[in-house]
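I opened a fresh page for this chain and went through it piece by piece. Here are my notes, in the order I ended up reading them.

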Amino acid sequence: METMNLWDSLVEEALAKLESLKLVRHLRPIHLPSDQQPKPIENEPQSNSISDQEEAGKEVFQMFDEMQQWERSSVEVHIAEETFQSWVCEISTTGEEVTANEEESHPQQFKKLILFCGNDYLGLSSHPTIKRAASKAAQEHGMGPRGSALACGYTNYHRLLESCLADLKKKEDCLLCPTGYAANMALMVSIGSIASLLVVGSKPSEEDRIAIFSDALNHSSIIDGICLAERQQSVEVFIYRHCDMSHLNALLLKCKMKKKVVVTDGLFSMDGDFAPMVEIVKLRKKHQFLLVVDDAHGTFVCGENGGGVAEKFNCEKEVDICIGTLSKATGCYGGFIACSKSWKLIIQSRGRSFIFSTAMPVPDVVAAHAAVTVAKKETWRRREIWKRVQDFRVLTGIPISSPIISLIVGSEEKALLASQHLLTSGFYVIPIGPPAVPPNSCRLRVTLSAVHTMEDLKKLTTTLSQCINFKDVDIQISNKIAKL
């Protein structure tokens, strides 16, 4: 408990300083009444569904206990023939090709492709309950949100979603942000501001500064947030080799600063491997640091209840602050920070990307709340995505550990050729190169969904085997240190 005693004390001191300066910012929800009950979807198949009366808002949420035909829209895309040919022939495009709503005046062929590079892990983006929730909110309240959350963009719907996410992450409170990127930026800047607030004088001394230890392959939003915090001259940054706990331990031992923070992705977005949470928790107990986990790709995918990576590794209490997104397994849009009430006050008072951004539109918030409910209740989706992971292992012999599959092929040319081969075979998988990954570690980033079928996987892996030797695939993670 010493870790949180130290940080609780620091946060309370910082809040007291903000109070004395009259700089604490509070959220005051605007109440938007719901005038009518949602109507059932016409011609909706009822054989595999149940209706659940939700206490909050008395909304009727329709659930399903197996995959439906409409789910395919979350893993199927259509692109114009012109775009298709440009991609295959490696010709740059303007993005102004004829779109589907212009098809009548400009007749054109469209290609249907199976999507294997999205982040809609549970296939919720096409769920009728979520679409209906968004539509109803837009009809009743418009798109909103009128302004920033601190001005007039924060409503009772925002508060309801925050409460649901706090419960999911087993945290005292939660703060919604416009995106997951904005959430990481706001948190890193807020952490840096604590040292600035508590300093005696104009510039924090080495003893006053905060040491931030960041995994070498953390998401760019964490890196950018740390860079902004560095500009306050209140933090010192240490990059440890990817998932290398010996290196992290050595850096922690060498560091003389008392205020330490370790930040890591829970499930790494480009390599598909998990942070070694059990080992990190042991180091937290030893070194008394604040543990921050970005669980963008683990939320609703991992854990029996969808609580994410911390639930998967049974360390929810040891994760002090959890960042998440609503744009991946939730199938919607937005970001959040699950934390204590005191941390929430600090972030909403000092987190620039939160303060100076327009709040999430109400239909997005209502849709996300419906998605959270569906993701919790339709547990078959989590079972199905992990079955797909096992299926891919069996079909390829590649020992993947998550729905994110990083097939490192080397040069940009090799990655592009492999991607083009997949495209001509009916699969949408984009090549990943710099700056997203280091030079000569270009790859195909394949992502699995709960609504992919075994037939989809068989066809994909057969096509992949024609351009990639599975035995030669380098799925080992580079130890190169990311530059800040």
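**Overall**

I started with the contacts (heavy atoms within 4.5 Å): among those between residues at least 6 apart in sequence, 79% join residues at least 24 apart. I note that this is a predicted model, where local features need pLDDT of at least 70 and side-chain atom pairs count only at pLDDT 80 or more, while totals for chains, interfaces and linings use all residues. Residues are numbered from 1 along each chain as its sequence is written, and side-chain values use heavy atoms, with hydrogens and water left out.

I then listed the secondary structure, taking helices (H or I, at least four residues) and strands (E, at least two) as DSSP runs numbered from the N terminus. The chain has 16 helices and 15 strands. Of its 484 residues, 56% count as buried, that is, under 20% relative accessible area with a 1.4 Å probe and protein chains only. About 21,600 Å² is exposed by the chain, and carbon and sulfur atoms supply 50% of that; the areas come from the Shrake-Rupley method with a 1.4 Å probe.

**The sheet with strand 4**

I looked up a three-stranded sheet next, counting two strands as paired if DSSP finds at least two bridges between them. The 3 strands form an open sheet with mixed pairing, in the order 3-4-13. Strand 3 (76-80) and strand 13 (427-428) are the edges, each with a single partner strand, so one side of each has no neighbour in the sheet.

Strand 3 runs antiparallel to strand 4 (residues 110-115), and 5 bridges join them. I checked one residue there: isoleucine 79 has lysine 111 in strand 4 as its bridge partner. Helix 2 (residues 81-88) lies across strand 3, strand 4 and strand 13, at about 90° to strand 3; the angle is between N-to-C directions on a scale from 0 to 180 degrees, with axes fitted to C-alpha atoms, for helices over the stretch in contact.

**Helix 16 and its cover**

Which residues of helix 16 are buried? I found Asp456, Leu457, Leu460, Thr461, Thr463 and Leu464. They lie on the same side of helix 16, because they cover an arc of only 160° around the axis, taken from the directions from the helix axis to the C-beta atoms. That suits the general rule: an α-helix has 3.6 residues a turn, so residues three or four places apart point the same way.

Their cover includes strand 4, helix 14 (380-396), strand 12 (404-410), helix 15 (412-424), strand 13 and strand 15 (442-447). In strand 12, 6 of its 7 residues are buried. Strand 12 and strand 15 run antiparallel, joined by 6 bridges, and isoleucine 405 has valine 446 in strand 15 as its bridge partner.

Helix 15 has 13 residues and reaches 18 Å from first C-alpha to last, close to the 18 Å expected at 1.5 Å a residue, the expected span being 1.5 Å times one less than the number of residues. After helix 15 comes glycine 426, with a positive phi near 100°.

**Two methionines**

Methionine 63 sits in strand 2 (residues 60-64) and counts as buried because its relative accessibility is 3%. Methionine 63 and alanine 375 are 312 residues apart in sequence and 9.7 Å apart in space, C-alpha to C-alpha.

Methionine 245 belongs to helix 8 (residues 245-254). Leaving out residues up to four places away in sequence, methionine 245 touches Tyr240, Pro276, Glu279, Ile280 and Leu283.

Conventions:
Buried < 20%, exposed > 50% of the residue type's maximum accessible area, 1.4 Å probe, protein only.
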